[in-house]
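Biologist: Could you walk me through this model, one topic at a time? I will interrupt with questions as we go.

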Amino acid sequence: MTALLSIRDLTVRYRREGVEVTALKGISLDVEAGERLAIIGESGSGKSTLALAVAGLLAEAAEVGGSIEWQKPRSSHSVTASHFQPLGGRDIGFVFQDPSFSLDPVMPVGKQIAEVARTHLNLTWREAYAKAKTLLGRVRLPDSEAALRAYPHQLSGGQKQRVAIAAAIAAAPKLLIADEATSALDTIVQAEIVSLIRGLVNEDGLTLAFISHDIALAATLAERIAVLRHGELVELGDTDQILNAPRHAYTRMLLDAHLGLDAKPLLDRQGASA
Amino acid sequence: MKRLHRFFQTPEAIAGALILALLVAIALAAPLLFPGDPQAIAGPALLPPLQNWSLPLGTDRLGRDVLAELFHGARTSLAVGLAAAAAALLVGAVVGTLAGFAGGLIDEVLMRITDAFQTVPSFLLALAFVSIVGPSLGVVIAAIALGAWTGPARVARAEVLSIRERDYVAGARVIGMHPLEIAFREVLPNALPPVLALSSVIVAAAILTEAALSFLGLGDPNRVTWGGMIAEGRTVLRTAPLLSIVPGIALVLTVLGVYLAGEGVVESTAVRRSLS
Amino acid sequence: MTVLAVSNLSKRYRRGGKPFAAVDDVSFEIGPAETLAVAGPSGSGKSTIARLVLRLLEPDAGRIQFEGADLLILSGAALRARRARLQMVFQDPLAAFNPRSTVARALDDPLRIHGIASRSERPRRIAALLERVGLDAGLAARAIHEISGGQRQRVAIARAIATRPSLIVLDEAVSALDVSVRGQILDLLLDLQRQERIAYLFISHDLGVIRALAHRIVLLEAGRVAESGDARTVIASPQSAVGKALVAATPRLNRIKTP
Ligand SMILES: Nc1ncnc2c1ncn2[C@@H]1O[C@H](COP(=O)(O)OP(=O)(O)OP(=O)(O)O)[C@@H](O)[C@H]1O
Ligand SMILES: Nc1ncnc2c1ncn2[C@@H]1O[C@H](COP(=O)(O)OP(=O)(O)OP(=O)(O)O)[C@@H](O)[C@H]1O
Ligand SMILES: [Mg+2]
Ligand SMILES: [Mg+2]
């Protein structure tokens, strides 16, 4: 097992108007190279903070303790080197919940993707555009030639998210972080995006960190699940174990609160009828 | 408290606040320090400053106490500036809210009226209004407000147009609230911040307009004004230049103080907004 | 006796100069103390239906009968008075309240507007409403942004039931809530339905939630009704393409059943 990155005792505090919020409390976690890891938890549990810390994108006001060590790039042995600093965009692809957050509203999406490829892969514009077109095909945008010239506002939410994913993987990163990447989409589009991410991760051998508040969704995609609560890592295990033999009461509560298509309807539980 | 703290973090805001505080103190102290009519003859005409300690800034062409005039002039400047700006903001906010909230024909009509007012230079408007109705404090205030309400109206309308689409406005309709109550109780207060941000510029402009009107002899004749003092001094500009320069400096300082303090307020609330 | 009967409802918007139907010839009925779910992909017209039913939007065609009377002929004061019986809960509880409001004011408004309680009596009513939705009456003095999202949604429900409505439209009312809070809110809704016989028009794209709570379902696709019927039957064996797609896309927990 080679760890792509090792998080040790990670603590993050935000300070705002004199009030201090501890968003992460001593998180220790190894992300294995090539694995699909889901990070789940309720609102405010620190999921996004963990993702931003890994990507080095935390706000300056955040106070960070502990360490995040990356495996030395392109080395066969698994020596970790703390001086290796991953570069957002090149080594880490990031997909946010709201695609308009990462897309420039006044630039054709093809150019945005090409720009990522050009800066990180040292391509010419022509090569970068060819790459962008291939990528738009890979994220299954119909008519990728026309899509190159489209502006974000001309695309639907699901299409925008596909473009954001294309931009995130344009520089062939090792790690793809998807922070609630499907939460703003309807169930059908969500399922499409999840299967798209699964396919891309398999084809490119990417490592995936999939952040979600939906335990069922996370389980459809991930091999391992990390459960966060109030900034603490309450449980980490294989998806199978988390679903069938949760060790922590909080994980059990999340599972019980899930309303699946096989759950007992509340209507019956309460004996109500129309 | 925090907002106040942030306000005092920029040197410009501190300078502005100090100037304004001094000005308000002067305006409040005027009747105490210089009771009686500032326009009464106090000594020999054209007495230069620093000659007579009971008349530190000397006297003007008619022998009136310049310092007393300056103090009482601050009252007029501030009163007219604040009242005109308040009137302009109130009218602007109400017109803008009605136009933005009602939409359709009402919006169309109100905005055409706003356009009409905006195409006439505000000073000409004030000039014409005072010439027709006759100079008095209230008329001067109304005249200045007449040319200043269009800016706030446009800003208020733009803000209301975006607030109108929010869920809470739909929520207010759902509970059966009357449209006028929705417009003025639910929407207007939330549209105010960007409108109030205009107030420093409007107050400063109002003070200048008042001075200009007085300078042209269209101010309230029963009150001392800085504009009037400058006009008075102009006739003896060569022999006693300070008679025009001193109220001129007072005017510039006041406008600067209002502007700087206003910027400070905008700045401190802007930081607050971007944080939340 | 039906609470709400919608027939042949249509609403067109213009998109890129061309008219298109956001809601197209939609009909359904809701009985007393019944929950009708409206589901469908994004953009299928769910929120537009909610806004039409609440007279926040005017339809281009169709009829809306509410409590046996034509809702569309009402306007002005008559419409405002009628609104007491027809309420709504929004998806984002923060956006649904005036940001300057307090909990007390949010609940005071409907009581005042519909003359339900005198000024002196209202604080007591507000406390009772808060307790009815499982909140501490002491919360009344708080500003809307000073309470949690789940508490806020409870306040939204308290506001909706303040005027004793016969129908509440809930547009994705539990979608933004954490699962633990969501369970409590759903329990509260069911409890209110049993006690006060309130009917719900429950809009959601989450079939799991719908199945847990709704009696009947209407599935929309591109503004048209694709399928409707008993909620559990439709979800168990959808007949329409959109129904099949929605069911297939709903994530499942593949837990090994333990007795
Ligand atoms: N920039 C910030 N400044 C101050 N506090 C912050 C900031 N970002 C996050 N927090 C706080 O840190 C805690 C963790 O937030 P985080 O965004 O990581 O949670 P999350 O699990 O991603 O939640 P959600 O599911 O709502 O996205 C919360 O209490 C949040 O209020
Ligand atoms: N004011 C408007 N002007 C033009 N088109 C509109 C307007 N409001 C909604 N639409 C369009 O009408 C259609 C239906 O929208 P609606 O909001 O009812 O969908 P929805 O089913 O609620 O979707 P979601 O699940 O995303 O909330 C969409 O295509 C939408 O783009
Ligand atoms: Mg987050
Ligand atoms: Mg909707």
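Biologist: How many residues does chain B have, and what percentage of them count as buried?
Modeller: This is a predicted model, and in it chain B has 276 residues, of which 46% count as buried.

Biologist: And how many helices and strands are there in chain B?
Modeller: Chain B contains 12 helices and 0 strands, so that, as the DSSP runs are assigned, the order of elements from the N terminus reads α-α-α-α-α-α-α-α-α-α-α-α. The C-alpha trace of chain B spans about 75 × 45 × 30 Å along its principal axes.

Biologist: Which residues make the nonpolar surface patch in chain B?
Modeller: That patch, of about 430 Å², is made by B:Leu242, B:Ile245, B:Ile249, B:Leu253 and B:Leu256. One of these residues, B:Leu256, belongs to helix H12 of chain B, which covers residues 242-275.

Biologist: Why does B:Leu256 count as partly exposed?
Modeller: B:Leu256 has a relative accessible area of 42%, and because partly exposed is the class between under 20% and over 50%, B:Leu256 is placed there.

Biologist: Let's change to the ligands. Which residues are around ligand 1?
Modeller: The shell around ligand 1 consists of A:Tyr14, A:Val21, A:Ala23, A:Glu42, A:Ser43, A:Gly44, A:Ser45, A:Gly46, A:Lys47, A:Ser48, A:Thr49 and A:Glu180. By residue class, that shell divides into 3 nonpolar, 6 polar and 3 charged residues.

Biologist: Which element gives the most to that shell around ligand 1?
Modeller: Helix H1 of chain A gives the most, with 3 residues. Both strand E2 (19-32) and helix H1 (47-55) of chain A supply at least two residues each.

Biologist: What lies 2.7 Å from an oxygen atom of ligand 1?
Modeller: A polar side-chain atom of A:Lys47 lies at that distance from a ligand 1 oxygen. On the backbone side, a polar atom of A:Gly44 is 2.8 Å from an oxygen atom of ligand 1, and a polar backbone atom of A:Ser45 is 3.2 Å from an oxygen atom of ligand 1. Ligand 1 exposes 640 Å² when taken alone, and the protein buries 66% of that area.

Biologist: Now ligand 2, please: which residues are around it?
Modeller: Around ligand 2 are C:Tyr13, C:Arg15, C:Phe20, C:Ala22, C:Pro41, C:Ser42, C:Gly43, C:Ser44, C:Gly45, C:Lys46, C:Ser47 and C:Thr48. The shell around ligand 2 divides into 4 nonpolar, 6 polar and 2 charged residues.

Biologist: Which element supplies the largest share there?
Modeller: The largest share of the shell around ligand 2 is 3 residues and comes from helix H1 of chain C. Strand E1 (4-15), strand E2 (18-30) and helix H1 (46-53) of chain C each supply at least two residues.

Biologist: Which side chains have an N or O atom 2.5 Å from an oxygen atom of ligand 2?
Modeller: An N or O atom in the side chain of C:Ser42 is 2.5 Å from an oxygen atom of ligand 2, and an N or O atom in the side chain of C:Thr48 is also 2.5 Å from an oxygen atom of ligand 2. A backbone N or O atom of C:Gly45 lies 3.0 Å from a ligand 2 oxygen. On its own, ligand 2 has 640 Å² of accessible area, of which the protein covers 62%.

Biologist: Back to chain A for a moment: is A:Arg36 buried or exposed?
Modeller: A:Arg36, which is found in strand E3 (residues 36-40) of chain A, has a relative accessibility of 16% and therefore counts as buried, the limit being under 20%.

Biologist: What does the side chain of A:Arg36 make a polar contact with?
Modeller: Its partner is the side chain of A:Asn202, at 3.4 Å. In addition, a polar atom of the A:Arg36 side chain lies 2.6 Å from the backbone oxygen of A:Leu221.

Biologist: One last topic, the backbone: where is A:Ala172?
Modeller: A:Ala172 sits in the loop between helix H6 (157-169) and strand E7 (175-179) of chain A. Its phi is near 50 degrees, a positive value in a residue other than glycine, and A:Ala172 is exposed, with a relative accessible area of 55%.

Biologist: And C:Glu172, buried or exposed?
Modeller: C:Glu172 is buried, at a relative accessible area of 9%. C:Glu172 is found in the loop between strand E7 (167-171) and helix H6 (179-196) of chain C, and its phi is likewise near 50 degrees, a positive value in a residue other than glycine.

How values were computed. Residues are numbered from 1 along each chain as its sequence is written. Chains are lettered from A and ligands numbered from 1 in the order in which they are written. This is a predicted model: local features need pLDDT of at least 70, side-chain atom pairs count only at pLDDT 80 or more; totals for chains, interfaces and linings use all residues. Side-chain values use heavy atoms; hydrogens and water are left out. A residue is near a molecule or strand if one of its heavy atoms lies within 4 Å of it. A polar contact is a pair of N or O atoms within 3.5 Å; within protein, one must be able to donate a hydrogen and the other to accept it, and residues adjacent in sequence count only if both atoms are side-chain atoms. Accessible areas come from the Shrake-Rupley method with a 1.4 Å probe; for residues, only the protein chains shown count as cover. Helices (H or I, at least four residues) and strands (E, at least two) are DSSP runs, numbered from the N terminus. Ala, Val, Leu, Ile, Met, Phe, Trp, Tyr, Cys and Pro count as nonpolar, Asp, Glu, Lys and Arg as charged, and the others, Gly among them, as polar. Patches are made of residues with over 30% relative accessible area and no salt bridge: like charges are joined within 9 Å, nonpolar side chains (Val, Leu, Ile, Met, Phe, Trp, Tyr) within 5 Å. A salt bridge is a side-chain nitrogen of Lys or Arg within 4 Å of a carboxyl oxygen of Asp or Glu. Buried means under 20% relative accessible area, exposed over 50%, partly exposed in between (1.4 Å probe, protein chains only).
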